[in-house]
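Trainee: Got a minute to walk me through this one? I'd like to start with the overall picture.

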Amino acid sequence: MNRTDKPETDEIRDLLVEAGPPQPIPAADLAAIKSAARREFLAQSGSTIFEGQSMTPIVEGQSVTPIIEGRFSYRPVLAIAATLILVLTAVWQFRTGGSPIATTTVATVELLRGESAAAIGLEVGQKISAGEEIDTAAGAPTMVALRMASGHSVRLHANSKLRLDSDGRIQLERGAVYVDSGPNGAPSSLEIGTPHGTVREIGTQYEVRLGDDDDGTMRVRVREGSVSLNRSGEIFAASRGEELTIDKSGGVDRVAFTGADWSWVIAAAPAFDADGQTLAAYLTWVSRETGLEIVWDDPDLKIDMSTHSAFSTAATMVTPEETLPTILPAFGLDYRIDGNVLRVTRAD
Amino acid sequence: MEESQLIDGMLAGDERAFDLFSDRFIPALYRFAFFRLNQDRELTCDIVQSTVCKAIAKLSSFRGEAALMTWLCACCRSEIAMHFRKQSRRPYEVELNDESFAALPLERYTTQAEPEGTLLSKEKHLHVHMVLDLVSPRYRQVLAWKYLEDLPVKEIATRLAIGPKAAESLLTRARRSFRVKFDHLLESRSGDDSQS
């Protein structure tokens, strides 16, 4: 029952308008507090600490940062953080009021694709600080590719939203995100927090997609490597070619490495910088982005192309599928795609 | 997830529950402490960190008689008092008379013409912002779009790639969630006062 004759809608509007946008909380402060809280939580639950980047398990007898007795102090963290500050910028969740806050860069925008790229307030090359949110829901569908400081390629689908807590942790709030740790793996791990649990990778390419509603399901598709998901203490694992559906049952199905399911990932792929690269490196990129397995018709041809065939110009490739008909003939090669295989042959 | 489920989950070592706790309560608690510590950022971090860590350690003793945010705020007040006791000085004089604040019904907030900058007004704004921290990110976003950016429902629907009816329904749920949490916060202040 309402307390006044005033409609509740108006009351809430008045409250919000009068209070105005909340002053953003410095991301570094929240990150330090959450990190200490997480350590305490894991210490209390006797669990394993995964601090995003290091994934270092606590072994018995190993000292953990004291939290309650001899509490972990924020002050040295602040001092260390101050030395790591790369960017001084205003990070305002609602983009109004207040003074600039010092923050740490955790990612860089590599690519924006879509008609409303400008509407989401990002530019290619822009540094993203810890605590910032990216929402691709503004206007027409837009996709964003980020390069994390940890080395991971992270792509955010249209109508999706995430928050970058640190270079080792992303919170997915809506939609879908794709993570690629690179052909040689990233030097540190990246975890994706979701309302359904935390997804951790083990050198992989995978997509995490939330359902349409807060109470919906979540899907994790693994293209390479493997991932684990911790939900309510239950650990679910999925490996290459598997799709984990997180609902009441938590089932696992098979999924193709290639095809329409991954088309948005390919469309949001950062361009291949051909400068000084060999044809083999180019084909590795094609394979990684499309999921196609490269098969050389003649093994000697592979060796030859790997050592001698370099791009003569600093061309920037667009999407893998667009470049194949142009690039391979220029090297005297032909190709055909059979299912999940890209077969490379000598041109007639 | 209900608070009782969240607490049970945390006690069972469920990281999902901890993540929810961390995302939902720590920002609100930070705001709470920041306001009471005269916007001393470094001290706020120390106090909130200490409060949250102790609260996690003592979570099994939380009986659920009050809302979790109420309990956390009480722990935070205690932590602030202890800090100043150790410093042998009085806390910053920013604490509003809790009794007068708690007695204020919601309509007072929305109808009373108060001079800008009063503590009462600031405290009210603090509570609005704390409630925004406490609602789900999706609700927070649509409330901000609708009432802070004044976007029409149609535009919100476009941004969320849902229909206008679904957007209106989402807004209704967001308002309801805001209202419930706001009322809880007010009631918890009343409860605090009666206990103290």
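Mentor: Let's go chain by chain, then look at some local details. Keep in mind that this is a predicted model.

Trainee: Fine. How many helices and strands are in chain B?

Mentor: Chain B has 10 helices and 0 strands. Read along the sequence, the pattern is α-α-α-α-α-α-α-α-α-α.

Trainee: And what is the secondary structure of chain A?

Mentor: Chain A comes to 7 helices and 19 strands.

Trainee: What share of each chain is buried?

Mentor: In chain B, 56% of the 196 residues are buried. For chain A, the figure is 48% of 348 residues.

Trainee: What about exposed surface?

Mentor: Chain A exposes about 15,600 Å², with 51% of that supplied by carbon and sulfur atoms. Chain B exposes about 8,500 Å², and carbon and sulfur atoms supply 50% there.

Trainee: How much of the contact set in chain B comes from residues 24 or more positions apart?

Mentor: Counting contacts with a separation of 6 or more, 62% in chain B are between residues 24 or more positions apart. In chain A, on that count, it is 51%.

Trainee: Switching to cores. Which residues have the most contacts inside the largest nonpolar core?

Mentor: Met10(B), Phe21(B), Leu68(B), Met69(B) and Phe178(B). That core has 69 residues. Helix α2 of chain B, residues 15–36, gives the most to this core, with 12 residues.

Trainee: Why would nonpolar side chains be buried together?

Mentor: It is a general tendency: in soluble globular proteins, nonpolar side chains tend to be buried together.

Trainee: Back to Met69(B). What is Met69(B) in contact with, leaving aside neighbours within four places in sequence?

Mentor: Seven names to remember it by: Glu3(B), Phe25(B), Ala28(B), Leu29(B), Met130(B), Leu134(B) and Leu185(B). There is also a second, separate core, with 35 residues. That one includes Ala107(A), Ile128(A), Ile134(A) and Leu190(A).

Trainee: Where does helix α4 of chain B run, and how far does it reach?

Mentor: Helix α4(B) covers residues 68–86. From first C-alpha to last, the helix reaches 27 Å, close to the 27 Å expected for its 19 residues.

Trainee: Which residues of α4(B) are buried?

Mentor: Among them are Leu68(B), Met69(B), Trp71(B) and Leu72(B). Cys73(B), Cys75(B) and Cys76(B) are buried too. So are Glu79(B) and His83(B).

Trainee: And α8 of chain B, is that mostly covered or mostly open?

Mentor: Mostly covered. Of the 12 residues in α8(B), residues 137–148, 9 are buried. Arg138(B), Arg140(B) and Trp145(B) are among the buried ones. After α8(B) comes Asp150(B), with a positive phi near 60°.

Trainee: Now chain A. What is the strand order in the open sheet of 3 strands?

Mentor: The order is β17-β19-β18, with mixed pairing. The edge strands are β17(A), 293–296, and β18(A), 333–338. Twist averages 25° from one strand to the next.

Trainee: How many bridges join β17(A) to β19(A)?

Mentor: There are 4, and the two strands run parallel. Ile294(A) stands opposite Leu342(A) in β19(A).

Trainee: Which helices pack on the sheet?

Mentor: Helix α5(A), residues 279–290, packs on the sheet and touches β17, β18 and β19 of chain A. Its direction makes about 140° with that of β17(A). Helix α7(A), residues 320–330, also packs on the sheet, touching β18 and β19 of chain A. The direction of α7(A) makes about 140° with that of β18(A).

How values were computed
Residues are numbered from 1 along each chain as its sequence is written. Chains are lettered from A and ligands numbered from 1 in the order in which they are written. This is a predicted model: local features need pLDDT of at least 70, side-chain atom pairs count only at pLDDT 80 or more; totals for chains, interfaces and linings use all residues. Side-chain values use heavy atoms; hydrogens and water are left out. Buried means under 20% relative accessible area, exposed over 50%, partly exposed in between (1.4 Å probe, protein chains only). Contact means heavy atoms within 4.5 Å. Accessible areas come from the Shrake-Rupley method with a 1.4 Å probe; for residues, only the protein chains shown count as cover. A nonpolar core is a set of buried Ala, Val, Leu, Ile, Met, Phe, Trp, Tyr and Cys residues joined through side-chain atoms within 4.5 Å. The expected span of a helix is 1.5 Å times one less than its number of residues. Two strands pair if DSSP finds at least two bridges between them. Axes are lines fitted to C-alpha atoms, for helices over the stretch in contact, and angles run from 0 to 180 degrees between N-to-C directions.
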